[in-house]
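Open the model in a viewer and keep the selection tool ready. The stops below cover side-chain contacts and surface features.

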Amino acid sequence: MSQDELSKKVIEKYQEDERMMIRIFAQWCSNHNLDAVFLYEQAYPNQGKNEALKEALEEVLPKEEASDISDEMVVEVLQFFGNDDLAFVVASVAEERKGRQ
């Protein structure tokens, strides 16, 4: 495998993993009746529309059919991909939600 082919494979794998991170975030929001677009815009107010998030939201399962996704897992996955601002918003919302229970 050439260096270019290897680089292309690494980039493709990262993009695939990034799409999975977005799906996890979108499903977590759906599971907790939260507006994923609103939370994203709170974290990144100057970025505009996120097409990958829009696509992920079209694929979310109804919360009755979805697996439970812990607050901690979402925060860790977001941080792993460098989405620290969004991870902070998610952690804040999760803490607020726990305080109401």
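This is a predicted model. Start by selecting Glu41 and Lys49, whose side chains form a salt bridge with an N to O distance of 3.9 Å. Glu41 is partly exposed, at 32% relative accessibility, while Lys49 is exposed, at 70%. A search of the whole structure gives six salt bridges.

Next, select Lys98 and Asp71. Their side chains meet in a salt bridge, 3.7 Å from N to O. Lys98 belongs to helix 5 (residues 84-100) and Asp71 to helix 4 (residues 71-80), so this pair ties together parts that are 27 residues apart in sequence. Is each partner buried or exposed? Asp71 is buried, because its relative accessible area of 9% is under the 20% cut-off. Lys98 counts as partly exposed, at 37%.

Keep Lys98 selected and add Glu72. These two form a salt bridge as well, with the closest N and O atoms 3.4 Å apart. Glu72 lies in helix 4 and Lys98 in helix 5, so the pair ties together parts that are 26 residues apart in sequence. Glu72 is partly exposed, with a relative accessible area of 44%. Now add Arg97: salt bridges with shared partners join Asp71, Glu72, Arg97 and Lys98 into one network.

For the last stop, go to Met1, which sits in the segment before helix 1 (3-31). Met1 is exposed, with a relative accessible area of 71%. Add Leu6 and Val10 to the selection; together with Met1 they make a nonpolar surface patch of about 330 Å².

Technical notes: Residues numbered from 1 in each chain as written. Predicted model: local features only at pLDDT ≥ 70, side-chain atom pairs only at ≥ 80, totals over all residues. Heavy atoms only, no water. Patch = residues over 30% accessible without salt bridge, like charges linked within 9 Å, V, L, I, M, F, W, Y side chains within 5 Å. Areas by Shrake-Rupley, 256 points an atom, 1.4 Å probe, with all protein chains shown as cover. Salt bridge = Lys/Arg side-chain N within 4 Å of Asp/Glu carboxyl O. Helix = DSSP H or I, 4+ residues; strand = E, 2+ residues; numbered from the N terminus. Buried < 20%, exposed > 50% of the residue type's maximum accessible area, 1.4 Å probe, protein only.
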